[in-house]
Amino acid sequence: MPKRILYASLAAGALLAVGCQSTKSTTSAAKQPAVVTLGKQVVPASEFAYVYRKNNATAPDYGTRANVTEYLDLYTNFKLKVLEAEQRGLDTTQAFQRELDGYKQQLAQPYLTEKSVTDQLVREAYDRLSKEISASHILVRVAPDADPRDTLAAYQKAVALRQRVTSGEDFNQVARQASEDPSARDNGGQLGYFTAMQMVYPFENVAYKTKEGEVSAPVRTRFGYHVIKVNDVRPAQGEIKVAHLMIRATPGMPKADSVTAKKKVDELYSRLRRREDWDKLVTQFSEDAGSAANGGELPAFGTGRMIPSFEEVAFKLQKPGDISAPVQTPYGWHIIKLIEKQPVPTFEAMAPTLKSKVAKDSRSELNRAAFLKRIRQENQFVEMPPVRDALLAQADTALVNGRFKSETFLSKFPSGKRKKGELVVNGDAPLFTIKGKPYPIKDFLAYVQQGQRARAGADPRFVMQQLYDQYVDQSLTEFEKTNLDTKYEDYRMLVKEYRDGILLFQLMDEKVWSKALTDTVGLQQFFTANQANYQWGPRVQATMISAASPAILTQAQKQLATGRYEVTRDTPSPVSFRAGQATILPPSQASLDRLATSLAADPTLNLTVTGRVKRGETTALAQRRAAAVVAYLTGKGVAASRISTKTTPTPASDASALFTLTSTSTAVLEENLNAKNPLAVQILKQNFQKGDSKVVDDVIDRGPGTYQVQKDGRFYAVTIEKALPAGPKTLSETRGQATSDYQNYLEKQWLAELRTKNPVQVNQTEVDKLITK
């Protein structure tokens, strides 16, 4: 197994796809025999067996003597480095503990859930994605933590509203009158079509279980109570990808502007029907800046993710390339072009995404409830109802007014000696136990004091009950997290991998990786001693142009021959002068400062300054203006040799000087030629040896000259300037490979030192137990 694989597995700690029902730990590692001993440090046989199986089970040579022996050697080196880190105390630093704690929080998540419930919710969500529902609703608002009296009042109001619509009143009209969803006044409560994962789960659940045309009983979500009417059920439309051409026309704009926008979009639609080029018209006229440069293309979307009017028209397009008549949205007028239709993917393809969404969706509440129910039983949760009830009974307005203090609250209960069997309520009395561990009243009251907030008018007992339930759930979860390493072997081993991996990374960076980068003297000495390993084969100095078509190839060759290429991006602003003078105005000086910075940063750039004059001014004045710009830039450190000047005889509307930037970099030529197609042209100017390029390999032996090659649908021109003999590489030419080799050298030296410091003894009897082939 290559070392980089071992580092990826052990240092990074490859995540296991495990749930809360993972293998339980068995015998304590301390009682296990050693597979190898490092000085006085024992590596348990069970630990090595676990890691070996995990990282090699699918290898074709798994279980062979050679494979087991090789992996044991790698694992031994790994443990020697970790042991060194421990002996240096790197595992005691605050930075190490913070990093490990962060990883433990992530690693714990799969164990703090109910995998079977997650699987059921993922499958349910996928099955529902095959249908789309159109529904209307009436909302009666009530907060999730509302007082029971307010909750009951909201429920009764929702029941009464449902009775009105089931007795014959128009649902949409009742929604306009009584729904507490502000949008209902305009849409009558209509929500349009939606599918799974687009509504909060309780709403979705009832909507999918209500038959078309029927009205549901009130259902509660975090927004309040909803009465839902299902208007229609249809098969899922899947997702589509479209492009659009948009002419902006917003509500409230002047009527004349609105009329102009409509005329403009109608004209564009006519031109498109005459088969004018879509991309060209979008680039020229679309007012959606975010998509115009990309042919108007939008991300794929499904039902319920776009403005309804846009979505409805888009989904009616049948074949790729079909174009809609103009459709209006609040953003303006759109002409829509269908690119492709995408059906609902398979369950296997969607399962990972759905699982992630379920974890963040309100469905996760079902999962958490099932998890808490299980760990209550597994962790032997026992509460003290008399103590709990005594606390709830004493809750008063201080809690709902945000003035709760635990000491004041405890003072309500009698102190001193109690009669036998009399209830004891004090700060140390247990409120409940988890696996025999008591959770005293004082800890709960501290939680209450910290988590209180003003809730004027609420029932104090109800608020205290809510806080008690939250505290119990939090305590159960924290207890489970604290005991994961004793409960699940997978988790314990995974945390150990992360712990050791962090230590390994810190020490490898110090002893090998960073050292090889900073020890320039050592690197040079190593390179010189191993010069025979860094040799060039026969090479050629050449330029290779790769083009999408012969025409583009010819264009690239012609422009490449000029040696200078105009920079069309970020063209400097013209310089303004005082009328009749060659004095640069202050705003233009700031622009020239930025230009000087750009020239200093890129030595491939050259500048041409064109002086201009207004009608009635002389050419000599234009020359002085160009010279003034040159003087300003050279004063900022730009070499005069990189600036040329000229004048234009054509009078201008203002007194100014224009700029043209050129570059000797072929990257600029590539950028110009790839303006419409990012893959139109690629240009490489470098030394090639055999194996660097299949295209150059075809002509490398022909000697200097230009050769045309066609390969894999691309068109190439290879110009060989000269042949280069074989010979030694310089360190700068092979620094990356030399540095990597030097790192390997440093690591071998370091490992030899570690093996001397902590002699290695292998227990072959335990090793042989893993040999199965």
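Which residues are buried in helix α23 (residues 520-529)? In this predicted model, the buried positions of α23 are G522, L523, F526 and F527. Because they cover an arc of only 135° around the axis, these four residues lie on the same side of α23. The exposed residues T520, V521, Q525, T528 and A529 are on the other side of the helix. Such a distribution can be read against the geometry of the α-helix, in which there are 3.6 residues a turn, so residues three or four places apart point the same way. The partners against which the buried residues of α23 pack are α22 (489-518) and α29 (735-757).

Helix α29 also holds N744. With a relative accessible area of 34%, N744 is partly exposed, since the partly exposed class lies between the cut-offs of 20% and 50%. The C-alpha atom of N744 is 9.3 Å from that of W513, although the two residues are 231 residues apart in sequence.

A one-sided arrangement is also found in helix α7 (residues 171-178), where F171, N172, V174, A175 and A178 are buried. The arc covered by these residues around the axis is only 160°, which means that they are on the same side of α7. The elements that cover the buried residues of α7 include strand β3, α6 (148-166), α8 (184-187), β4 (190-194) and β6 (224-235).

Residue I138 belongs to strand β3 (residues 131-141). Its relative accessibility is 1%, so I138 counts as buried. Beyond residues up to four places away in sequence, I138 touches L161, V165, F171, V174, A175, S179, Y225, H226 and V227. Of these, F171, V174 and A175 are among the buried residues of α7. A separation of 8.7 Å is found between the C-alpha atoms of I138 and G188, which are 50 residues apart along the chain.

Three helix pairs were examined in turn. Two packed helices are described by the angle between their axes and the distance between the axes. For helix α5 (residues 115-128) and helix α15 (residues 364-378), the axes come within 9 Å and cross at roughly 160°. As angles over 145 degrees count as roughly antiparallel, α5 and α15 are therefore roughly antiparallel to each other. Their crossing is right-handed. On the α5 side the contact involves V117, T118 and L121, which meet L366, N367 and A370 in α15. By class, the contact of α5 with α15 comprises 4 nonpolar and 2 polar residues, with no charged ones.

The axes of helix α16 (residues 385-393) and helix α20 (residues 460-482) come within 8 Å, with a crossing angle of roughly 135°. The two helices are therefore oblique to each other. From α16, the contact is made by R388, D389, L391, L392 and A393, and from α20 by R461, M464, Q465 and Y468. The contact of α16 with α20 has 5 nonpolar, 1 polar and 3 charged residues.

In the third pair, the axes of helix α25 (residues 586-601) and helix α26 (residues 619-635) come within 10 Å and cross at roughly 55°. This angle makes α25 oblique to α26, and the crossing is right-handed. Residues Q589, L592, D593, L595 and A596 of α25 form the contact together with V629, Y632 and L633 of α26. The residues of the contact of α25 with α26 divide into 6 nonpolar, 1 polar and 1 charged.

Individual residues were considered next. T666 lies in helix α27 (residues 666-673) and is buried, with a relative accessible area of 15%. Apart from neighbours within four places in sequence, T666 is in contact with L560, Y565, I683 and K685.

Backbone geometry sets two further residues in view. Most residues other than glycine have a negative phi. M197, which is not a glycine, has a positive phi of about 75°. This residue is placed in the loop between β4 and α9 (201-209) and, at 18% relative accessibility, counts as buried. D712, also not a glycine, has a positive phi of about 55°. The loop between β22 (705-711) and β23 (714-724) contains D712. At 74% relative accessibility, D712 counts as exposed.

Notes:
Residues are numbered from 1 along each chain as its sequence is written. This is a predicted model: local features need pLDDT of at least 70, side-chain atom pairs count only at pLDDT 80 or more; totals for chains, interfaces and linings use all residues. Side-chain values use heavy atoms; hydrogens and water are left out. Axes are lines fitted to C-alpha atoms, for helices over the stretch in contact, and angles run from 0 to 180 degrees between N-to-C directions. Angles under 35 degrees count as roughly parallel, over 145 as roughly antiparallel, 65 to 115 as roughly perpendicular and the rest as oblique. A crossing is left-handed if the near helix is turned anticlockwise from the far one by less than a right angle, and right-handed if clockwise. Contact means heavy atoms within 4.5 Å. Ala, Val, Leu, Ile, Met, Phe, Trp, Tyr, Cys and Pro count as nonpolar, Asp, Glu, Lys and Arg as charged, and the others, Gly among them, as polar. Buried means under 20% relative accessible area, exposed over 50%, partly exposed in between (1.4 Å probe, protein chains only). The arc is that of the directions from the helix axis to the C-beta atoms.
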